[in-house]
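Here are some notes on the model, set out as numbered points for a colleague who has it open alongside.

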Amino acid sequence: QVQLVESGGGLVQPGGSLRLSCAASGTIFSINAMGWYRQAPGKERELVAVISSDGTTNYADSVKGRFRISRDNAKNTVYLQMNTLKPEDTAVYYCKTVIVEPRNWGLRTLDAWGQGTLVTVSS
């Protein structure tokens with residue numbers, strides 16, 4: 001089955017940078033939209049950034065100008081470059097991809113989630 005493996009989280013000081021990556025593996029026909037969500041303690045999960053199959057991007061207002069989402073279709077990987085990190089960026093970050101998966105009876109579209117990676121921004 002499809003798996004999403006995230007990496008790149010960790011502890012960083014305010015103003016620092018991190019790059020998250022999320023690689024999809026398995027039997028994949030295609031990947032449509034790819035995005036990043038985050039969930040801070042005591043808060044609901046929120047959409048951070050999304051990138052469509054044609055490269056169109058959208059960002060939450062809180063990260064505009066600081067974060068950049070990109071994808072490498074050859075590697076089935078989505079990245080989140082996070083710059084000028086703030087303490088309020090502290091959260092578990094999850095990637096999500098919309099995957100078209102082949103089945104013995106045809107194709108199906110599903111949402112796949114990564115396991116989450118913790119980003120902590122603190123002095």
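1. Where is the place of T97? T97 lies in strand β9, which covers residues 91–103, in what is a predicted model. T97 is buried, its relative accessible area being 0%. Leaving aside residues up to four places away in sequence, T97 touches L4, I31, A33, M34, L110, D111 and A112. Two of these contacts come up again below, since M34 has a bridge partner in β5 and L4 belongs to the covered face of β1.

2. The open sheet of four strands has the order β1-β3-β8-β7, and the pairing in it is antiparallel. Strands β1 (3–7) and β7 (67–72) are at the edges with a single partner strand each, so one side of each is left without a neighbour in the sheet. From one strand to the next, the twist averages 15°.

3. Within this sheet, β1 and β3 run antiparallel and are joined by five bridges, with S21 in β3 as the bridge partner of S7. In a regular strand, side chains alternate between the two faces of the sheet. For β1, the covered face consists of L4 and E6, while Q3, V5 and S7 make up the uncovered one. The residue S7 therefore appears both on the uncovered face of β1 and in a bridge to S21 of β3.

4. Strand β3 (residues 18–25) also pairs with strand β8 (residues 77–82), in the antiparallel sense and over six bridges. Here L20 stands opposite L80 in β8, and L80 is one of the residues singled out in the largest nonpolar core.

5. Strands β4, β5 and β6 are linked by two further pairings. Strand β4 (residues 30–39) pairs with strand β5 (residues 46–51) in the antiparallel sense over five bridges, and M34 has I51 in β5 as its bridge partner. The two strands form a hairpin with six residues between them, in the turn of which G42 has a positive phi of about 80°. Strand β5 pairs in turn with strand β6 (residues 57–59), again in the antiparallel sense, over three bridges, and the bridge partner of V50 in β6 is N58. The hairpin of β5 and β6 has five residues between the strands, and G55 takes a positive phi near 95° there.

6. How many aromatic pairs does the count come to? The count comes to one aromatic pair. It is formed by Y37 and W113, whose rings are 5.0 Å apart centre to centre with 50° between the planes, an arrangement classed as tilted. Because Y37 lies in strand β4 and W113 in strand β10 (residues 106–113), the pair ties together parts that are 76 residues apart in sequence. Y37 counts as buried at 18% relative accessibility, whereas W113, at 36%, counts as partly exposed.

7. W113 has a further partner in R45, whose charged end sits over the ring of W113 at 4.9 Å from its centre. The charged end of R45 also sits over the ring of Y94, 3.8 Å from the centre of that ring. A reader inspecting the side chain of R45 should therefore look at both rings, Y94 and W113.

8. The largest nonpolar core has 30 residues, of which W36, L80, M82 and Y93 touch the most other members. At least two residues of this core are supplied by each of β3, β4, β5, β7, β8, β9, β10 and β11 (117–121).

9. Two residues deserve a look at their backbone. Most residues other than glycine have a negative phi. N76, in the loop between β7 and β8, has a positive phi near 50° although it is not glycine, and at 26% relative accessibility N76 counts as partly exposed. T84, in the loop between β8 and β9, likewise is a residue other than glycine with a positive phi, near 45°, and at 46% relative accessibility T84 counts as partly exposed.

Key: Residues numbered from 1 in each chain as written. Predicted model: local features only at pLDDT ≥ 70, side-chain atom pairs only at ≥ 80, totals over all residues. Heavy atoms only, no water. Pairing = 2+ DSSP bridges. Axes fitted to C-alpha atoms, helices over the stretch in contact; angles between N-to-C directions. Phe/Tyr/Trp six-rings, centres within 6.5 Å; stacked < 30°, edge-to-face > 60°. Buried < 20%, exposed > 50% of the residue type's maximum accessible area, 1.4 Å probe, protein only. Lys NZ or Arg CZ within 6 Å of the ring centre and 35° of its normal. Contact = heavy atoms within 4.5 Å. Core = buried A, V, L, I, M, F, W, Y, C linked by side-chain atoms within 4.5 Å.
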